[in-house]
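Me: I am new to reading protein models. Can we go through one together, with short questions and short answers?

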Amino acid sequence: MKKQDITFGIHAVEAVLKHSPERVIEMWVQAGRDDQRLASLLQMAAEYGISVQKAARKVLDDKSDSGQHQGVLARVKAVKQLNDNDLLSLVEKTETPFFLILDGVTDPHNLGACLRNADAAGVHGVIVPRDNSVGLTPTVSKVACGAAEVVPLFQVTNLARTMKSLQEKGVWIVGAAGEADSDLYKTDLKGPLAIAMGAEDKGLRRLTRESCDSIASIPMAGSVSSLNVSVATGICLFEAVRQRL
């Protein structure tokens, strides 16, 4: 069984049942576990005619490769991978596009947290390079708490080229970098926008940085040199939200 065919955790499984029940092949729940949150998932599964099996916790631990499954796990059909064409089609259909670009984020916990931030901020899609970046894994879905089912993730073959295509469609791209002179809070984040964030250890790659229309930094008062990428992403996205309201 491929790991990408597994979704675990109450929020993640609930999101699949709500938004894409046709993808769920079967479910497992922890034997002896009987609480209200699991009961509502079982009711949804019954409504869609989905087979549910009871299993010992160790079986769920083994299937999820994690003890964080919260007593529920589902085998699902792989989600359709979205590419550049899907992205540009969405841009054309969206009045004021708002995207998040993640350059080289390889930690599934960080991607999951960024997807959750993106959903909360009303982002229309998250863009990642196909190589040197984590995709939609079970851990990403679990950490995203359902956001992975509703926020489109576009995996593109050439990030710089995709950014150029976005700019040709009128999307302004702001990159976040700690050494930038421009202050995030003084940067215009209204209108068609994509915010580009780099990996924690390396930041934006040179070509990605050069492809941005402008670079901005988050003002830092303390002694630490950088923030976790998901925290920095939340700050940047919600500053854009504040300006756009």
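Me: In the lining of the largest pocket, how many residues are nonpolar, polar and charged?
Reply: This is a predicted model. The largest pocket has 24 lining residues. Glycine is put in the polar class here. By class, the lining has four charged, seven polar and 13 nonpolar residues.

Me: Which residues lie nearest the centre of the largest pocket?
Reply: The volume of this pocket is about 490 Å³. Of its 24 lining residues, five are named as nearest the centre. They are Arg23, Ala78, Val79, Lys80 and Leu136.

Me: Which element gives the most to the lining of the largest pocket?
Reply: Strand E1 (6-8), H6 and E7 each supply at least two lining residues. One of them gives the most, with three residues. That element is E7.

Me: Which domains does the lining of the largest pocket draw on?
Reply: The domain assignment divides the chain into two parts, 4-77 and 84-244. The lining takes at least three residues from each. So the pocket's lining draws on both domain 1 and domain 2.

Me: How far apart do the C-alpha centres of the two domains lie?
Reply: The two domains do touch: 13 residues of domain 1 are in contact with eight residues of domain 2. Contact needs heavy atoms within 4.5 Å. The C-alpha centres are another matter, and their separation is 30 Å.

Me: What is the volume of the second largest pocket?
Reply: This pocket has 20 lining residues, and Ala176, Ala177, Gly178, Ser226 and Leu227 lie nearest its centre. Strand E9 (193-198) and helix H9 (229-244) each supply at least two of the lining residues. By class, ten are nonpolar, six polar and four charged. The volume is about 410 Å³.

Me: How many salt bridges does a search of the whole structure find?
Reply: Side chains of opposite charge can pair when their charged atoms come close. The cut-off for a salt bridge is 4 Å, from a side-chain nitrogen of Lys or Arg to a carboxyl oxygen of Asp or Glu. The search of the whole structure finds 13.

Me: How many residues apart are Glu149 and Arg23, which meet in a salt bridge?
Reply: Their side chains meet at 2.9 Å, N to O. Glu149 is in the loop between helix H6 (138-144) and strand E7 (153-156), and Arg23 is in the loop between helix H1 (10-19) and strand E2 (24-30). Both residues are buried. The pair links distant parts of the chain, 126 residues apart.

Me: About how many helical turns separate Arg57 and Asp61?
Reply: These two form a salt bridge, with the closest N and O atoms 3.7 Å apart. Both sit in helix H3 (residues 57-64), four residues apart. That spacing is why they are separated by about one helical turn.

Me: Is Asp61 buried or partly exposed?
Reply: Buried means under 20% relative accessible area. Asp61 has 24%, so it counts as partly exposed. Its partner Arg57 has 45% and is also partly exposed. The class for Asp61 is partly exposed.

Me: Which residue forms a salt bridge with Asp188?
Reply: The closest N and O atoms of this pair are 3.3 Å apart. Asp188 is partly exposed, at 46% relative accessibility. The partner is partly exposed, with a relative accessible area of 46%. That partner is Lys190.

Me: What is the phi of Cys145?
Reply: Most residues other than glycine have a negative phi. Cys145 is not a glycine, yet its phi is positive. This residue lies in the loop between H6 and E7. Its phi is about 55 degrees.

Me: Where is Gln70 found?
Reply: Gln70 has a positive phi, near 60 degrees, in a residue other than glycine. Its relative accessible area is 25%, which makes Gln70 partly exposed. It is found in the loop between H3 and strand E4 (72-76).

Me: How far apart in space are Gly146 and Ile10?
Reply: Gly146 lies in the loop between H6 and E7. Leaving out residues up to four places away in sequence, it touches His11, Ala12, Ala15 and Ser141. Gly146 and Ile10 are 136 residues apart in sequence, but C-alpha to C-alpha they are 9.0 Å apart.

Note on methods: Residues are numbered from 1 along each chain as its sequence is written. This is a predicted model: local features need pLDDT of at least 70, side-chain atom pairs count only at pLDDT 80 or more; totals for chains, interfaces and linings use all residues. Side-chain values use heavy atoms; hydrogens and water are left out. Buried means under 20% relative accessible area, exposed over 50%, partly exposed in between (1.4 Å probe, protein chains only). On a 1 Å grid over the protein atoms alone, a cavity is a set of points where a 1.4 Å probe fits but cannot get out, and a pocket is an open set with protein on both sides within 12 Å along at least five of seven lines; lining residues have an atom within 4 Å of a point. Grid points are joined across faces, edges and corners, and a volume is the space filled by probe spheres set on the points.
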